[in-house]
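Hi everyone, and thanks for coming. Please bring the structure up on your screens, and we'll walk through it together.

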Amino acid sequence: MLLKSMKLTNFRQFKETQSIQFSTDSEKNVTIIMGENGSGKTTLAQAFTWCLYGDTDFDDKVVLNKAVAKNLGPNDEATVRVELSVLHADFDYTMIREQKYSTDTVGVLKRPNNPVFKMAFKGSDGQQEFVKENETELRMKEILPKELSRYFFFDGERIGNMSKEIRRGKSREFAEAVKRLLGLSAFTAALDHLNGRSQNTVIKSYANQYDSKSDSTIAQYRSEMENYDARIEKIEDRLSEIDTEKTIAEDKAQEFETKIEENKDSERLAQERSRLKSKLEGLRISKGKNVSALIDAFNRRGAFWMATKMINDALEELASAEKLDTGIPDIHARTIEYLIKRKTCICGQPIEFGNSAYIELNKVLDYIPPKSIGTLIGQFVRECELKSKSAIDTFDVMSMQYGDIRSFDTDYADIISEIDTIDKRLEGMLNVGELQKKYTFYNGEAKNLTREKENLIEERGELKTRRGRCETQISELVLKDDNNKRIARFQAYATYMYQYLSKIYEEKETETREQLEKTVNEIFKNIYNGGFSLAIDEKYNIQIMVDDFEDYIGDVETSTAQSISVIFAFIAGVIKMARENNNEENSMLITEAYPLVMDAPLSAFDKTRIQTVCDVLPKVAEQVIIFIKDTDGEIAEENMGNKVGTRYKFEKHNEFETKLVGR
């Protein structure tokens, strides 16, 4: 299969109609389209999958150019169209997918119609003919099934994902895709036709033709066999699912186990952080108490403490005054007035107006309450002495409390600094407790799946044994009827052919897989110079083996560059073998060479590996189309040089419009 040209109309950044021609020269089989990030490289790569399969990896599934959509008026419409011309099996095909977008009465874009896919080819007379509408999808599957396309249309990010997929956890679909690419699908189709899972296979159809009228037991055995087959088929499906689920669970368990090891200090740091936060809270509470106590002390004792000097000076001055002790304690003016009015003293002496007792008592009125300054001064002095005593330690108390408040700021800042340091160490670290829960869950899942698999394998064995007994019993019973004998003979022929083809298939599949392993290793060692080699098992899982240590056996973890080198080598190896099988006239394996379309494939490599990849790809692939940023593109052109047949560049006018320009 060769990609000849592509024509785009209003497909995302590619406004109006633009065309690109791909190099189909056998010697100069490389097409390079260069542009900066965001200029349209990924869009052009996605145009292939949209045209062929009606799907893209974009989150926004609206593929109409934004500028065109903006300029649509009310009740207006525009069409998105991608046309791809290819050469496949000596036929020129044109694949066309188009989708109409329209607006409502106020000019708002409505939900688009479903895309329409058309396919045309040139017949033997050179005239173009269209494939019938109901046959286009089927013909597309014959040319390049969608599940296989991912190995030929991919970007740098997908390379990273595929490098993990080919090492573990692949579905049966993956292995079948590789077998199909290597030409083994003809064998598998024949085997499925003879004795596949369908009830319409040759062998099963003969079994269904037995006439049970001669012996009703035949029908009973056939019914039992059908039940066994149905259950075995379900078990096979579940076993395939278990393999994938188990690998995912084991990978997740390993991932969380690794994270637990990486984050083992996080739990201790988290506990220390919690302790420091508690200490901070304690400091806040302590500061609050000290501030409250300081304010309370100031409110109760501060005024007297600040007035201490004035009080002392006043007491000294009052101590020298004459009237400080003139008053009679506990005698009030009302008492004297009562005695004068009664005219008799408490001692019994008469109190008459003008006598000596009367005169003395009136003098006393000047020194006792409420007129007694001396008494008031005495009371003031006593109160001042009491307050002065209570204010003596006020300064010490307030100083101590203020010191505690000041020390809070220093201690608080120190703890905040410690917490900040812990937070920085915890950045990127995960909670070990949560990680442990997830590890326990996935590890338990893996164990449960292992037990389920063992039980299913045991059940499948028992079912096959029972089915075999039924088959034996039917074989004995059908010999009693001539018509059934004839059917049994045909079934025996079909079974023999199935077993014969199975043996050839196993031999050819093993031979092909071993050849693939050899081819992939040759390419891998060219791309990645290191002490590693690749091993491909019967499920087409790839393991990276260490060559430098004779005693070491097993898979090893790899760097990003190594992993990407593996996927490049794997895909290149499959393409090379498909191409060689296609060119070999007597090959039993029927294959078709496919192009390699890559979006930014070299960004993860250093300059040395870019050089080796650029040297290998044009040699193994029949056609190479690369969308690449300018800096990598210059290196790619420098290393591919004489292999580059066509050059284009992306000219970005704005976010909504890019032009494809030949160079």
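Let me begin with a definition: buried means under 20% relative accessible area, exposed means over 50%, and partly exposed is in between, using a 1.4 Å probe and protein chains only. With that in hand, at 41% relative accessibility Glu 434 is partly exposed.

Some ground rules before we go further. This is a predicted model, where local features need pLDDT of at least 70 and side-chain atom pairs count only at pLDDT 80 or more, while totals for chains, interfaces and linings use all residues. Residues are numbered from 1 along each chain as its sequence is written, and side-chain values use heavy atoms, with hydrogens and water left out.

Let's stay with Glu 434 for a moment. Which residue does Glu 434 pair with in a salt bridge? The partner is Lys 437, with the closest N and O atoms 3.6 Å apart. By salt bridge I mean a side-chain nitrogen of Lys or Arg within 4 Å of a carboxyl oxygen of Asp or Glu. Both residues sit in helix α16, 3 residues apart, which is about one turn of the helix. When I name helices and strands, they are DSSP runs numbered from the N terminus: helices are H or I with at least four residues, and strands are E with at least two. Lys 437, at 56% relative accessibility, counts as exposed.

How many salt bridges turn up in the whole structure? The search finds 25. Among them is the one between Glu 245 and Arg 238, where the closest N and O atoms are 3.1 Å apart. Glu 245 is partly exposed, with a relative accessible area of 33%. There is also a network of salt bridges, linking Arg 81, Glu 83, Glu 98 and Lys 118.

Next, please look at the strands towards residue 650. Strand β13 covers residues 644-654, and 5 bridges join it to strand β3, residues 30-34, with the two running parallel. Two strands pair if DSSP finds at least two bridges between them. One partnership here is Ile 33 with Tyr 648 of β13. On to β14, residues 657-662: 6 bridges join this strand to β13, and the pair runs antiparallel. Here Lys 652 has Thr 658 as its bridge partner, and Lys 649 stands opposite Val 661. A hairpin connects β13 to β14 through 2 residues.

Lys 652 has another contact worth showing you. Its side chain meets that of Glu 655 in a salt bridge, at 2.9 Å from N to O. Lys 652 is partly exposed at a relative accessible area of 36%, whereas Glu 655 is exposed at 56%.

Now for the inside. A cavity here is a set of points, on a 1 Å grid over the protein atoms alone, where a 1.4 Å probe fits but cannot get out, and lining residues have an atom within 4 Å of a point. Grid points are joined across faces, edges and corners, and a volume is the space filled by probe spheres set on the points. The whole structure has 3 cavities of 30 Å³ or more, and the largest holds about 130 Å³ of space.

What lines that largest cavity? The lining includes Gln 199, Arg 222, Asp 229, Arg 467 and Gln 491. Helices α8 (202-208), α9 (216-262) and α16 (432-478) each supply at least two of the lining residues. By class, the lining has 3 nonpolar, 3 polar and 6 charged residues. In that count, Ala, Val, Leu, Ile, Met, Phe, Trp, Tyr, Cys and Pro are nonpolar, Asp, Glu, Lys and Arg are charged, and the others, Gly among them, are polar.

A quick word on cysteines. A disulfide is a pair of cysteine sulfur atoms within 2.5 Å, and the whole structure has 0 of them. For Cys 345, the nearest cysteine sulfur is that of Cys 347, 3.5 Å away. Cys 345 is buried, at a relative accessible area of 18%, and Cys 614 is buried too, at 2%.

Last stop: the backbone near the start of the chain. Arg 12 has a positive phi, near 50°, in a residue other than glycine, and it lies in the loop between β1 (2-11) and β2 (14-21). Glu 16, also not a glycine, has a positive phi of about 60°. Glu 16 lies in strand β2 and is partly exposed, with a relative accessible area of 48%.

Thanks for listening!

Conventions
1 Å grid on protein atoms, 1.4 Å probe; cavity = no way out; pocket = protein on both sides within 12 Å on 5 of 7 lines; lining within 4 Å.
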